[in-house]
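Student: I would like to go through this structure term by term, asking each time what justifies the word that is used.
Tutor: Then let us set each value against its definition before drawing a conclusion.

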Amino acid sequence: MQFGLLGTGFQLFGYEEKLQSNPLQHLFEVYVQVNKEAADDKSVAKAAQEFFQRLELGDVQALSLWQKFRDLSIEEYIRVYKRLGVYFDEYSGESFYREKSQEVLKLLESKGLLLKTIKGTAVVDLSGNGDPSSICTVMRSDGTSLYATRDLAAAIDRMDKYNFDTMIYVTDKGQKKHFQQVFQMLKIMGYDWAERCQHVPFGVVQGMKTRRGDVTFLEDVLNEIQLRMLQNMASIKTTKELKNPQETAERVGLAALIIQDFKGLLLSDYKFSWDRVFQSRGDTGVFLQYTHARLHSLEETFGCGYLNDFNTACLQEPQSVSILQHLLRFDEVLYKSSQDFQPRHIVSYLLTLSHLAAVAHKTLQIKDSPPEVAGARLHLFKAVRSVLANGMKLLGITPVCRM
């Protein structure tokens, strides 16, 4: 239905040149405007419904406009996600299942699960006894499909195509009930693999405004983070001469953003704070990057002299022992995150590792120590850096070697 609104809105307020120069921004502006109009003017809402119906029936003109919006949007997604180091193998949204959703309705009907209402809509009663909170609508009175219908079609199609072990849906927590109903419907339709479908819900980020106003586009946040990080780096006297300061600023800024996002339960809402994001001390992504860069420079300074000659028995100090014990827990933490799909276990582990390394860096001297002690300590710091780098990569962070 949102697409019906967008299609109608573009016919009323859209500009081709604006669409080409900044597709997501322009489509968003059109969408906001048409929603306002539809709330006041019944004819706009009706036109949107008709546009959606034309789409479902395969109208060539409506489909070509939809195709144009889709292609431009995906180009933008690819470009912006690339900055996050995220790549998708396939883009198949709800629209992909337009025709297949009609097959789902026939299937529900053949199993005797489809009930028609007085209004002409079609529903499935998941409780079996008419409990209103367990009624899921799967068809509008005009015969068009709904989100639930298309998600049923998508799940069945993905099972046919991939024969998956697990299918994980990552969406905001407002869709929790929707997925419970979809998985339940798949079960009563006789698909036992519905047990292997899982919903990972996430919370809302509050107060994430950039200089451009209320609604925040991811790209605006990435640009602002890079800009502020560059300013921060320029004001710090210890910043090394960097070959590509923009790239370093982006990587450190992204680490800051990701750690703030992944520190708590994914389900929890949290208040975004620009000041907290850029703290170099404390539990932040900047601190992780700083620790990694510092340990890297240690290897560069002493690596050639000491890395061949070492004896682990030299690591007797409490700081060394604490680090070794913590390093041994890495696999257990990865297992925990893989079980409950919560990255916070890895975040917490890496932050503790960085704090332990910071203390050890001050007390465990390499310079002027006997060669085998220096070698053992250097190996210990190298192991910390390696685990830190691997952990950050798992969270989608690219470790920096200088900053």
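Student: What makes Asp269 and Lys173 a salt bridge?
Tutor: The closest N and O atoms of Asp269 and Lys173 are 2.9 Å apart, and a salt bridge is defined as a side-chain nitrogen of Lys or Arg within 4 Å of a carboxyl oxygen of Asp or Glu, so the pair qualifies. Side chains of opposite charge can pair when their charged atoms come close.

Student: Before we go on, what kind of model is this, and which residues and atoms enter the values?
Tutor: This is a predicted model, in which local features need pLDDT of at least 70 and side-chain atom pairs count only at pLDDT 80 or more, while totals for chains, interfaces and linings use all residues. Residues are numbered from 1 along each chain as its sequence is written, and side-chain values use heavy atoms, with hydrogens and water left out.

Student: How is the protein chain divided into domains?
Tutor: The bounds, which come from an automatic or database domain assignment, give domain 1 (1-90), domain 2 (92-202) and domain 3 (218-395). The C-alpha centres of domain 2 and domain 3 lie 44 Å apart, and their contact, meaning heavy atoms within 4.5 Å, takes six residues from domain 2 and four residues from domain 3.

Student: What is the area buried between domain 2 and domain 3, and how is such an area defined?
Tutor: Buried area is the accessible area (1.4 Å probe) that two parts lose on being put together, summed over both; for domain 2 and domain 3 it is about 530 Å², with carbon and sulfur atoms giving 70% of it. On the side of domain 2, Lys173, Val200 and Phe202 lose the most area to domain 3, and together they account for 61% of what that side buries.

Student: How many salt bridges does the rule find across the interface of domain 2 and domain 3?
Tutor: The rule finds one salt bridge across that interface, whereas a search of the whole structure finds 17.

Student: Which element gives the most to the side of domain 2 that touches domain 3?
Tutor: That element is strand 5 (residues 197-202), with four residues; helices (H or I, at least four residues) and strands (E, at least two) are DSSP runs, numbered from the N terminus.

Student: Why is Gln260 called buried?
Tutor: Buried means under 20% relative accessible area, exposed over 50%, and partly exposed in between (1.4 Å probe, protein chains only); Gln260 has a relative accessible area of 10%, and is therefore buried. Gln260 belongs to helix 10 (residues 245-262) and touches Tyr270, Phe272, Ser273, Arg276 and Val277, not counting residues up to four places away in sequence.

Student: How do you know that Lys46 and Glu50 are separated by about one helical turn?
Tutor: Lys46 and Glu50 are four residues apart in helix 4 (residues 42-56), which means a separation of about one helical turn. Their side chains meet in a salt bridge (2.9 Å, N to O); Lys46, at 53% relative accessibility, counts as exposed, whereas Glu50, at 39%, counts as partly exposed.

Student: What makes the pair of Glu219 and Arg79 tie together parts that are 140 residues apart in sequence?
Tutor: The side chains of Glu219 and Arg79 meet in a salt bridge (2.7 Å, N to O). Because Glu219 lies in helix 9 (residues 218-235) and Arg79 in helix 5 (residues 60-83), the pair ties together those parts. Glu219 is partly exposed, with a relative accessible area of 22%, and Arg79 is partly exposed as well, with 39%.

Student: Which residues do salt bridges that share partners join into one network?
Tutor: The network consists of Glu76, Arg79, Arg83, Glu219 and Glu250.

Student: Why is Asp368 called exposed, and what is its phi?
Tutor: Asp368 has 75% relative accessibility, and so it counts as exposed. Asp368 lies in the loop between helix 15 and helix 16 (371-394) and has a positive phi of about 65 degrees although it is not a glycine. Most residues other than glycine have a negative phi.

Student: Where is Phe341, and what is its phi?
Tutor: Phe341 is in the loop between helix 14 (330-340) and helix 15 (344-363), and has a positive phi of about 60 degrees although it is not a glycine. With a relative accessible area of 24%, Phe341 is partly exposed.
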